[in-house]
Amino acid sequence: MSQENHSEEIDLMQLFGMIKGVFVKFLKLIISVVSFYKKKVILFLILGLIGGGLGFFMDQYQDKKDNYEQEVIIEPKYDSVEYIYDFIDDLQDSFKDENFVKNLGLNLTQVENVKEISLEPIIQPEDVLSELQSRYGDKESFIEVYDEKLLKEKKYRNFYKQHKLTMSFKNRSSDNMKITNTILEYFKSNDYYNEIVDLQLKQTKVSLDQNKKSLQFINEYLNNLSKNPDQGSDKFVFATESETPTISSLFKRKEALIQMINKDEKLLTFDKEMFRIVNYGSIVSKRKVLLRRMMFMIPLLFIGLVSGFYFLRYLSRTINEFVADNE
């Protein structure tokens with residue numbers, strides 16, 4: 001037993017010795033690396049300054065070649081979604097027609113700076129489910145067949161309330177904002193939709209006035225009834241096919257009128273045109289922030305390459321010494 005214990009003690013000592021040796025070698029390696037960079041600090045500072053300057057100028061050059069984008073969030077009204085999409089799809093080709101461009105109030109030089117125009121829906125799954133529910137009933141029956149890939153298809157874009165218009169420009173120019181404004185104003189100048197909007201607003205105004213009068217009538221009746229509960233029923237006559245009016249039905253009718261009034265007032269306030277601008281974004285350089293990191297990446301690349309060169313040289317010298325010692 002004593003021999004076994006002695007053997008185990010020797011094994012443990014050997015294990016601790018190996019661990020200590022590895023740890024010492026690791027510390028020596030760290031010290032060697034730190035010492036190396038301390039000796040070469042001037043070299044790496046120069047590489048950092050050169051790389052930083054080069055990266056800065058690369059960022060400036062890339063910024064000049066960058067795409068300048070403007071994003072405008074719109075909310076189409078009066079079933080104008082397809083009209084707007086069709087117009088945007090054809091707009092890039094229409095810009096090649098000088099007469100069309102002049103009719104917009106622009107010139108070919110201005111529109112040549114337009115790189116790309118796109119319109120895409122802001123996908124809100126609840127918009128699709130709500131639309132399906134309003135058209136077909138219970139939306140629970142559609143949840144099982146719900147596929148997110150379908151939401152990007154053309155047939156669903158009418159369901160979404162908001163859409164993102166992206167204007168991409170080749171260069172920075174004071175005319176870029178004018179181009180976007182002109183396109184948006186051109187949408188609004190469509191005679192067909194202007195007639196629809198005018199008619200809808202007139203009908204809504206008539207409906208709003210009538211609903212307010214009906215609400216006033218019910219309020220007066222309920223007010224008189226509360227003051228004279230035994231005489232109120234003889235003062236007013238309601239024509240109804242389904243049921244004799246009761247206090248409960250009058251309150252329900254009042255609640256329905258309030259909802260219709262709120263809806264009409266919202267329409268008259270926010271739906272005066274064929275689309276509403278939810279967010280009018282400014283023109284920004286999308287890639288500028290990402291490319292600005294070149295000022296940091298280039299110095300790190302230079303330092304990494306030089307460090308790799310010295311490491312390979314050290315490795316080669318170590319291998320040659322090892323081979324020489326074993327010959």
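Helices α3 and α8 sit oblique to each other, since their packing angle of about 140 degrees falls short of the over-145 cut-off for roughly antiparallel, and that is why they get the oblique label. Keep in mind that this is a predicted model. The chain has 327 residues, of which 28% count as buried, and its secondary structure comes to 12 helices and 5 strands. Among contacts with a separation of 6 or more, 84% are between residues 24 or more positions apart.

**How α3 meets α8**

- Helix α3 covers residues 81-94 and helix α8 covers residues 176-188, with 11 Å between their axes.
- The two helices make a right-handed crossing.
- On the α3 side, the residues doing the touching are Y83, I84, F87, I88 and L91, and they meet I183, Y186 and F187 of α8.
- Sort that contact by class and you get 8 nonpolar residues, with no polar and no charged ones.

**How α9 meets α10**

- Here's another helix pair to look at: α9 (residues 191-227) and α10 (residues 247-270) have axes that come within 9 Å and cross at roughly 150 degrees.
- That angle makes α9 roughly antiparallel to α10.
- The crossing of α9 with α10 is left-handed.
- By class, the contact of α9 with α10 is a mix of 16 nonpolar, 6 polar and 6 charged residues.

**Strand β1 and its partners**

- Strand β1 runs over residues 68-76 and is mostly covered, with 8 of its 9 residues buried.
- One partner of β1 is strand β3 (residues 163-169), joined to β1 by 7 bridges in an antiparallel arrangement.
- If you want a spot to find in that pairing, look for E69, which stands opposite S168 in β3.
- Strand β4 (residues 275-280) also pairs with β1, again in the antiparallel sense, this time over 5 bridges.
- Over in β4, N279 is the bridge partner of I73.
- A handy thing to know while you look: side chains in a regular strand alternate between the two faces of the sheet.

**The loop after β1**

- Y78 is in the loop between β1 and α3, and D79 is found in that loop too.
- What is phi of Y78 near? Phi of Y78 is near 55 degrees, a positive value in a residue that isn't glycine.
- D79 also has a positive phi, near 55 degrees, and isn't glycine either.
- Most residues other than glycine have a negative phi.
- Is Y78 buried or exposed? Y78 counts as buried because its relative accessibility is 16%.
- D79, on the other hand, is exposed, with a relative accessible area of 75%.

**Two residues to click on**

- T180 lies in helix α8, and at 0% relative accessibility T180 counts as buried.
- Which residues does T180 touch, leaving aside its neighbours within four places in sequence? T180 is in contact with Q70, V72, M167, F169 and Y280.
- F296 is found in helix α12, which covers residues 294-325.
- F296 is exposed, with a relative accessible area of 55%.
- Find G53 as well: G53 and F296 are 243 residues apart along the chain, yet their C-alpha atoms are separated by 9.6 Å.

Technical notes
Residues numbered from 1 in each chain as written. Predicted model: local features only at pLDDT ≥ 70, side-chain atom pairs only at ≥ 80, totals over all residues. Heavy atoms only, no water. Axes fitted to C-alpha atoms, helices over the stretch in contact; angles between N-to-C directions. Helix = DSSP H or I, 4+ residues; strand = E, 2+ residues; numbered from the N terminus. Parallel < 35°, antiparallel > 145°, perpendicular 65-115°, else oblique. Left-handed = near helix turned anticlockwise from the far one by under 90°. Contact = heavy atoms within 4.5 Å. Nonpolar A, V, L, I, M, F, W, Y, C, P; charged D, E, K, R; others polar. Buried < 20%, exposed > 50% of the residue type's maximum accessible area, 1.4 Å probe, protein only. Pairing = 2+ DSSP bridges.
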